[in-house]
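Q: Hey, I've got a new structure to look at and could use a quick tour. Can I fire some questions at you?

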Amino acid sequence: MTGIALPRERRPRQRDRLTSWRLADRAGLAVCWALGLLFCAIAAAIVLYMLVQGLRYVRPELLVTHPSGGYGEAHSGGFLDPLLGTFLVAALAMAIALPLGVATAVWLSEFARPAWLARAAESTIEMLAGAPSIVLALFGTIIFQSGALGFASRTSGGVVFGRSFLAAGAMLSLVALPLVVANTREGLQLIPSHVREASYAVGKTKAATIRRILLPAARPQMATGAILGIGRVIGDTAIIVILLGATLTFNGAGGAPGFSALRGTGSTLTSYIYTNSPAGEGNQPTKAYAAAFVLLLMVLALNASVDLVARRGRKYQWSS
């Protein structure tokens, strides 16, 4: 008579039990838990405090009125221009970082030739990921004050000021570039090699395989890198203050209407918050709290979208 083998209940082995750990290991685990809970508590305290303060001072008219130089907070307008400036620099930065980052990730993942250049590119990307934004801002000042790039900012009497939305967006793209490259490379490396081999077997070239199979399959990781890059861009202050001018309103630089705004100066929510904080020249803390509340909502929305994209990407698993 043939019996049916039932799966035996797995008993926890001795080394799986926490009580069997050495005292030093248990102490290390307790420290890790304590630090994790501490970081969560700090983040929650910051978010809750800014939400409470922002809800006290934010008003709908602040989102649709231009800032002005009034003597009191009731006469200084809202922050429509900094809000639009935030969207504008994010769009400019990602318009540069996304295609450049995806192309770099494809080259590093699928070609990586010559090898010395690939290693140099990887080191450069790692350096950009850890470089302080103030260093990038100073470097951008040197670059965009050159006469060759005078078309990208305001000029007067042969002097190039080097401050514009184009200059700020170009340097902010370097902040987002490492995130786009890292996430896109991760998505490409998750695709098994037999998928590429199957595409080559039916006569597809390597370029066609990358364009029609690999990049569509890595789209969730590309979207994650782009969203994280936008979060870094809209939260930067040093590059905005130095390369954008941090003026309250848009100041065009002449020429075609759209290009004049790109060559001109302005501000974003981060520079507006700094200017109106007690440490800034404006000293209007209620406006600073309201703008910080809006910026915090934008960051939280981006983080939520990253989690959503990651969850959707995990639905599609490659079979080995």
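A: Sure, and one term before we start: a polar contact is a pair of N or O atoms within 3.5 Å. Also, this is a predicted model.

Q: Okay, so what does a side-chain oxygen of Ser-164 reach at the start of α5?

A: That oxygen comes to within 3.4 Å of the backbone nitrogen of Leu-166.

Q: How far apart are the end C-alpha atoms of α5, and what span should its residues give?

A: The ends are 35 Å apart. Helix α5 covers residues 165–189, and at 1.5 Å a residue its 25 residues should span 36 Å, so the two agree.

Q: Where does α5 bend?

A: At Ala-176, by about 40°. A proline, Pro-178, follows within four residues.

Q: And how many of its residues are buried?

A: 19 of the 25 in α5, so that helix is mostly covered.

Q: Switching topic: where is Ser-277?

A: Ser-277 sits in the loop between α11 (269–276) and α12 (285–313).

Q: Is Ser-277 buried or exposed?

A: Buried, because its relative accessible area is 15% and the cut-off for buried is under 20%.

Q: Which residues is Ser-277 in contact with, leaving aside neighbours within four places in sequence?

A: Asn-283 and Ala-288. A polar atom of the Ser-277 side chain also lies 2.8 Å from the backbone oxygen of Tyr-274.

Q: Last one: what's the average pLDDT?

A: It's 86, and 91% of the residues score at least 70. Over residues 1–6, though, pLDDT stays under 50, and the model has zero contacts for them beyond four places in sequence.

How values were computed
Residues numbered from 1 in each chain as written. Predicted model: local features only at pLDDT ≥ 70, side-chain atom pairs only at ≥ 80, totals over all residues. Heavy atoms only, no water. Helix = DSSP H or I, 4+ residues; strand = E, 2+ residues; numbered from the N terminus. Expected span 1.5 Å × (residues − 1). Bend = angle between axes of the 7 residues up to and from the residue. Buried < 20%, exposed > 50% of the residue type's maximum accessible area, 1.4 Å probe, protein only. Polar contact = N/O pair within 3.5 Å; in protein donor to acceptor, adjacent residues only side chain to side chain. Contact = heavy atoms within 4.5 Å. pLDDT = per-residue confidence, 0-100.
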